[in-house]
Amino acid sequence: MIHGCFQGKDIVSLDQFSVDDLSILFNVTGKMKQIAVNNEPSRILEGLLVALLFFEPSSRTFSSFAAAVKRLGGQTLEMQNPEAVSSVTKGETFEDTIRVIEAYSNAIILRHRISGAAKQAARAAEDVPVINAGDGNNEHPTQTLLDLYTLYERFGRLDNITGMMAGDALNSRTIHSLLRGLSLFGNNTMYILSPNQLSLSRDEVVSLQDRGLRLIEIHNEREIPHDCDFWYWTRIQKERFSSAEEYQQAQHEIVIATPELLKTYAKKDMILMDPLPRVESVDPAVDADERAVYLRSQIRNGLYTRMALLALVLGRI
Ligand code: NCD
């Protein structure tokens, strides 16, 4: 748990955050936004080096973390695809790789295809904090920080919200972490629109309901409610499927966000989010709709929230 003190903490799961921790982070995020928007030179992370260790492909998370460190005057050590280019190819253990990288850096940002890898790295790293940038189909806490901030900025609250998450609820780590985040606040109702075989696991449903989140699982377009404050669309996570047939079958059954869908089911003042990349999730014809925030505030908030998290975890604010 963070308990108001971010300094030196590993950030592995959204479950470590309380409402107060989020409020501290959002407060700092506002300040970080000013630095970035005004191109203010910053020395907040001066003298510090942050390692970006990405075992899985990434565009936004990798570049927004790199940009966040550099916007704050720090430096990065960047390793993408270590399984192809580093001693990992020679059979080095994951723990050894982490121990080596921590010797060179002040924090490690880790993305990995295996669920639980972030926790494992946090255990291996003795001296520096590890931040989970997505581990398998488990969690993606920093994506949730930016998603929650985007909702908070738009609605001024994170309780009393009705939303719909669509796509691959079983495998999408961004959905898993966001549901945990929203379960911290009262009176939230989430509709989950997914093909039957990509529903949330039963364990996850029970645990979220125990925390007070109202979850309603739906499986086709006609069940979409008309009163959502936001939609959160995700792609089918192709890389998590064991066979091409299973993937194609799922793809066949998904609902895509189109202008017609918005016209039929969406409120005027809702927002449409997508963690991206969008692959048959949101029709580009929707981009011009001002409710579509995925290429606008949602993406920018990824930079500001990561700047805030780094400044806090590295004890510079
Ligand atoms: C997501 C991820 O990697 O989990 N992307 C991201 O980090 N913004 C979503 C995805 O891959 O579908």
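1. The second largest cavity is lined by G167, W233, T234, R235, I236, I254, V255, E280 and S281. The model in which this cavity appears is a predicted one. About 30 Å³ of space lies in the second largest cavity. Sorted by class, the lining of this cavity comprises four nonpolar, three polar and two charged residues.

2. The largest cavity should be read alongside it. How much space lies in the largest cavity? The volume there is about 50 Å³. A166, G167, L193, S194, P195, H219, W233, E253, I254 and V255 form the lining of the largest cavity. G167, W233, I254 and V255 are thus named in the lining of the largest cavity and also in that of the second largest cavity. By class, the lining of the largest cavity has six nonpolar, three polar and one charged residues. The search of the whole structure found two cavities of 30 Å³ or more.

3. The pockets come next. The largest pocket holds about 390 Å³ of space, and its lining consists of 20 residues. Which residues lie nearest the centre of the largest pocket? They are R111, R173, R235, L276 and P277. R235 also belongs to the lining of the second largest cavity. Two helices, α2 (60-71) and α7 (173-182), each contribute at least two residues to the lining of the largest pocket. The classes in this lining are four nonpolar, nine polar and seven charged residues.

4. Where does the ligand sit? The ligand is placed in the largest pocket. Around the ligand stand R60, T61, R111, H140, Q143, R173, T174, R235, Q237, P275, L276 and P277. The student may note that R111, R173, R235, L276 and P277, nearest the centre of the largest pocket, are also among the residues that surround the ligand. Helices α2 and α7 each give at least two residues to this shell, just as each gives at least two to the lining of the largest pocket. By class, the shell has three nonpolar, five polar and four charged residues.

5. Three distances describe how the ligand is held in the model at the level of atoms. An N or O atom in the side chain of Q143 is 3.1 Å from a nitrogen atom of the ligand. In the side chain of R173, an N or O atom lies 2.7 Å from an oxygen atom of the ligand. For P275, a backbone N or O atom is 2.9 Å from a nitrogen atom of the ligand. On its own the ligand has 320 Å² of accessible area, and the protein covers 94% of that area.

6. The second largest pocket has a volume of about 260 Å³. Its lining is made up of 19 residues, and S64, I299, R300, G302 and L303 lie nearest its centre. The elements that supply two or more residues to this lining are α2, α6 (141-155) and α11 (297-313). Which element gives the most to the lining of the second largest pocket? Helix α11 does, with seven residues. By class, nine nonpolar, five polar and five charged residues make up the lining of this pocket. Helix α2 is therefore named for both pockets, as a supplier of at least two residues to the largest and of two or more to the second largest.7. Two details of the backbone deserve attention. Most residues other than glycine have a negative phi, and most peptide bonds are trans. A cis peptide bond joins L276 and P277, with omega at about 5 degrees. P277 is located in the loop between β9 (271-273) and α11, and both L276 and P277 are among the residues around the ligand. H3 is not a glycine, yet its phi is positive, at about 50 degrees. H3 is found in the segment before α1 (19-37).

Methods
Residues numbered from 1 in each chain as written. Predicted model: local features only at pLDDT ≥ 70, side-chain atom pairs only at ≥ 80, totals over all residues. Heavy atoms only, no water. 1 Å grid on protein atoms, 1.4 Å probe; cavity = no way out; pocket = protein on both sides within 12 Å on 5 of 7 lines; lining within 4 Å. Points joined across faces, edges and corners; volume = space filled by probe spheres on them. Helix = DSSP H or I, 4+ residues; strand = E, 2+ residues; numbered from the N terminus. Nonpolar A, V, L, I, M, F, W, Y, C, P; charged D, E, K, R; others polar. Near = heavy atom within 4 Å. Polar contact = N/O pair within 3.5 Å; in protein donor to acceptor, adjacent residues only side chain to side chain. Areas by Shrake-Rupley, 256 points an atom, 1.4 Å probe, with all protein chains shown as cover. Sits in = over half its atoms within 2 Å of the grid points.
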